[in-house]
Amino acid sequence: MQTTLKASYSHHYRRGLIELLDVLEFRSNNATHRPVLDALDLIKRHADARLTYYPAGETVPSHKGVLGDWTALVFKDTGKSGRRVVRSVYEICTFQALRERLRCKEIWVVGADKWRNPDEDLPHDFETHRDAHYAALRKPLDATAFIGQLRDEMREALSALDTALPRLAWLEIADRGKQGAIKLTDLDAAPEPRNLRRLKNEVRTRWGTVPLIDMLKEAVLRTGCLAGVTGAAGRGDLAPEVLAERLLLAIYAYGTNTGIRAIAGSAQHGHSEDDIRYVRRRYLTAEVARAIAVETANATFAARAQTVWGAGSTAVASDSTHFGAFDQNIFTEWHSRYGGHGVLIYWHVERKSMAIHSQLINCSASEVAAMVEGAMRHGTTMEVEGNYVDSHGQSEVGFGITRLLGFDLLPRIKRINKVRLYRPAAGEPDAYPRLTPALTRPIRWDIIAEQYDQMIKYATAIRAGTASTEAILRRFTRANAIHPTYQAMIEVGRAQRTIFVARYLRNRDLQREINEGLNVVESWNRANSVIFFGKGGDIATNRREEQELSVLCLRVLQAALVYVNTLMVQDVLADEEWASMLADADRRGLTPLFWTMSPRTARSSST
């Protein structure tokens, strides 16, 4: 691999990377990373020289990138000349070290946005408004009070698990070596809902098979979500009703991935392709589509009958789904887990199948950052207090930052058998005797106390939106393990994860709740493949704004489907005969996300 990389670099990549050094100015706020910057200066000085080795009298900075497996290739014994540094290999190692430092923003780029000085990501008024920022996060000013509360919760959770363990038939904790100490039995299958199919058949009997475009129109008419767009066009040549029709067609074209040309040519609506494209360019932006989706979600929340759907939930489930995209673009990434080129769409879906947030992210982006971003900035009337995720949406840093931001991270951890429970204090070897095989070292509270104020500053930056969540959390990666705030955040996360795991293991209802929440977002992803059927489900453009608009229009269509189905189900269940027919299992499985497949389009009604 090293040999292949060296050849690829020398014959192709070097020319472009060297030219970038003349354009970009790299800096660091940490003297530890000064050798990498000095190495870049060395590369620039000898960029145009035809050298195999650096001159014998040249000072070659040593940095972490030239250590390890690369050392034997970087340094060569040339006999009488002694040990020399191979220029091409040294350049490769330096650029790799630069990449790792850029990822955690220990090195930053002058004049950049995403890769700017990390100090600019933090709130500049934090010192003068410290009390207000702490109050907004509902955190005590004193680190001792924060630590005391967290430690007490750990003790309570571990004690409850230790006491209840003999009565938990689904859980065993014993020393099993590499297999892990925790053995958790899978959940039993829930009773099958027997009347939901009859309910969906009744919906189809009353309203027939409603085309998706009609459901979108009905949602728009009932919610008035296009009023702001059509009102802004009042001084133009288009009548509001004409503009609304063309907007609906454009949304449908993007949301189904069929394209404006197909929609204009296959329907008898009197609007040409040029008419729809003009409205798309002039009025339909990502911000407009996002606002329509948010208004539709809020209207759904307001229209729900508590007698049918139960009390409103404060928890959402989030997960990513992979959309294929054309690969003739330097920004298109290959996803190692899903396979294929494309992008990820990260969804936040509440318990009754309404998406409150969506994000277009790169295949290499952090799902933890996307989870936090959606929970904090969804824009709907829903109050998010908990977030269900799978293993990819959780981490120790994720547990730490959600603790500081004030909502619960509720993951389904894939390898829970190997999770270690941390002790709340040192010097208590006999505490929690039944949990001993799964216990590990105590939490280092002194690190948390030292960095408490700095952690609150980072949490405030996420809450206030002074920078993107991904940009802020990029500081807290394994490549930056020596960062003191990262170490403190990890310790908070370990404490919070211990609290969660102890509660999760003993509470069968919580296990089922998380499972059901994640099943909802999986159903949402299945509906995506039905609605976004054009071009085989691949996004047909590599323009970032076009990709984002396609995803947002898909979200609008699905929100309209859920909204109208909610109203139809409630209308059926308004009859006492139907309301009394549903058993507990039926109400548990009741969902407004259902549809009927058509040969060419996605249509609503029963599955």
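**Notes on strand β10 and the chain around it**

1. Let's start with strand β10, residues 355-361. This stretch is mostly covered: seven of its seven residues are buried. Keep in mind as you look that this is a predicted model.

2. Who sits beside β10? Its partner is strand β9, residues 341-350, and the two run antiparallel, joined by six bridges. If you'd like one pair to find on screen, try isoleucine 345, which stands opposite leucine 360 in β10.

3. Now follow the chain from β9 into β10. The two strands make a hairpin, with four residues between them. In that turn, have a look at serine 353, where phi is positive, about 70°.

4. Time to zoom out. The chain has 23 helices and 16 strands, so there's plenty besides our hairpin to click through. Of the 607 residues, 51% count as buried.

5. How does the radius of gyration of the chain fit with a compact globule? For 607 residues, such a globule would come out near 25 Å, and the chain has 28 Å, so the two agree. Along the principal axes, the C-alpha atoms fill a box of roughly 95 × 70 × 50 Å.

6. Next, contacts. Take those between residues at least 6 apart in sequence: 71% of them join residues at least 24 apart.

7. Last, the outside and the charges. The accessible surface of the chain is about 28,800 Å², with 48% of it belonging to carbon and sulfur atoms. The chain carries 80 positive and 72 negative charges, and the mean positions of these two sets lie 5 Å apart.

Note on methods:
Residues numbered from 1 in each chain as written. Predicted model: local features only at pLDDT ≥ 70, side-chain atom pairs only at ≥ 80, totals over all residues. Heavy atoms only, no water. Buried < 20%, exposed > 50% of the residue type's maximum accessible area, 1.4 Å probe, protein only. Pairing = 2+ DSSP bridges. Rg over C-alpha atoms; globule rule 2.2 N^0.38 Å. Contact = heavy atoms within 4.5 Å. Areas by Shrake-Rupley, 256 points an atom, 1.4 Å probe, with all protein chains shown as cover. Lys, Arg positive; Asp, Glu negative; His and termini not counted. Charge placed at Lys NZ, Arg CZ, Asp CG, Glu CD.
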